[in-house]
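Let's take a walk through this structure together. Have the sequence and the 3D view open, and follow along at your own pace.

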Amino acid sequence: MSEPSPEVLRHPDKQATADAAAAQLVSTLATAQREGREPQVALTGGSMGSAIIASVLARPDHADVDWSRVTVWWGDERYLPAGDAERNDTQNDAAGLGSLGMDPARVHRVDGPDRAASVEASAQAYGDLIRQEGGGEFEVVMFGVGPDGHIASLFPHHPAQRVFDRIAVAVHDSPKPPPDRVTLTFEALNHAREVWFLVAGEDKAQAVAAALAPGADRWDVPASGVSGGTATRWFVDEAAAADLP
Ligand SMILES: O=C1O[C@H](COP(=O)(O)O)[C@@H](O)[C@H](O)[C@H]1O
């Protein structure tokens with residue numbers, strides 16, 4: 001059966017976009033739990049990754065989800081020590097992730113240089129953990145999108161895109177600082193029921209249009225290379241949607 005076409009959901013501004021994605025996240029996770037699934041979610045960094053967490057917290061109905069039974073991963077992480085302000089998880093924590101009532105044992109962070117001997121060792125350990133925990137069957141994978149079309153830490157024309165035999169891979173020489181990162185591979189990211197892109201701002205307009213253009217090549221526009229089995233949703237504000245037909 002072929003995957004459904006991407007759905008583009010336009011909202012007036014960044015806050016409205018984050019709020020709409022937050023409402024959908026609560027509904028999707030509550031439904032998954034009602035249907036007997038133990039949802040696993042891959043979070044994203046960047047501006048929208050934190051905005052959605054703050055929006056979820058602000059919703060009274062976030063209590064519809066039993067957050068203690070939600071397993072959390074990150075699609076990518078900057079290879080920096082725990083607590084570094086540039087880490088995706090630190091930014092998500094600052095947005096209130098810890099206030100949702102998750103079980104810390106189900107919140108799986110990527111090791112930085114304070115815990116791993118190398119970026120490669122960190123990526124290997126993360127991939128092993130995902131396999132061991134039965135991850136890799138994600139309910140939702142969320143992405144921010146860079147102005148260059150990158151998602152997670154999969155950048156245009158970067159060799160990390162061409163790793164097919166692992167769940168997570170070390171990234172060196174990232175064009176966006178910091179240079180060292182760990183990212184899930186396309187192989188791993190393409191095993192989600194739902195894939196969501198969260199994008200706001202005029203600097204993202206070209207990337208959004210390029211990713212959604214028919215025949216887009218993920219080597220040039222990584223955001224074109226991931227889709228969900230049951231849904232692929234683009235939550236965009238008007239500025240980011242400006243170049244769409
Ligand atoms: O470096 C990264 O960038 C993207 C997008 O960030 P944004 O601030 O331009 O929205 C992010 O999604 C990714 O997880 C991250 O590591």
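Start with helix H2, which runs over residues 46–58. Its 13 residues reach 19 Å from the first C-alpha to the last, close to the 18 Å expected at 1.5 Å a residue. Keep in mind as you look around that this is a predicted model.

Now see how H2 sits among its neighbours. Met48, Gly49, Ser50, Ala51, Ile52, Ile53, Ser55 and Val56 are buried in this helix. What covers those buried residues? The cover includes two helices, H1 (14–34) and H3 (88–94), along with strands S2 (40–43), S5 (138–144) and S8 (192–199).

H2 also turns up around the ligand. There are 14 residues around the ligand, and those that come nearest are Thr44, Gly45, Gly46, Ser47 and Gly144. The elements giving two or more residues to this shell are H2 and S5. H2 provides the largest share, with 4 residues. As for character, the shell divides into 9 polar residues, 3 nonpolar and 2 charged.

From there, move on to the loop between S5 and S6, where you'll find Ala152 and also His157. Each has a positive phi without being a glycine: phi is near 45 degrees for Ala152 and near 60 degrees for His157. Which of the labels, buried or exposed, goes with Ala152? Ala152 counts as buried because it has 32 C-beta neighbours inside 10 Å, and a residue needs 20 or more for that label. His157 has 10 such neighbours inside 10 Å, so His157 counts as exposed; the cut-off for that label is 12 or fewer.

A little further along the chain, look at the loop between strand S6 (168–171) and strand S7 (181–184), where Pro178 lies. Here's a detail that can slip past you at a glance. The peptide bond joining Pro177 and Pro178 is cis, with omega at about -5 degrees.

To finish, go back to helix H1 and pick out Arg34. Is Arg34 buried or exposed? Arg34 is exposed, because 9 other C-beta atoms lie within 10 Å. Now find Val65 as well: Arg34 and Val65 are 31 residues apart in sequence, while their C-alpha atoms are 9.4 Å apart in space.

Technical notes
Residues numbered from 1 in each chain as written. Predicted model: local features only at pLDDT ≥ 70, side-chain atom pairs only at ≥ 80, totals over all residues. Expected span 1.5 Å × (residues − 1). Contact = placed C-beta atoms within 7 Å. Near = placed C-beta within 6 Å. Nonpolar A, V, L, I, M, F, W, Y, C, P; charged D, E, K, R; others polar.
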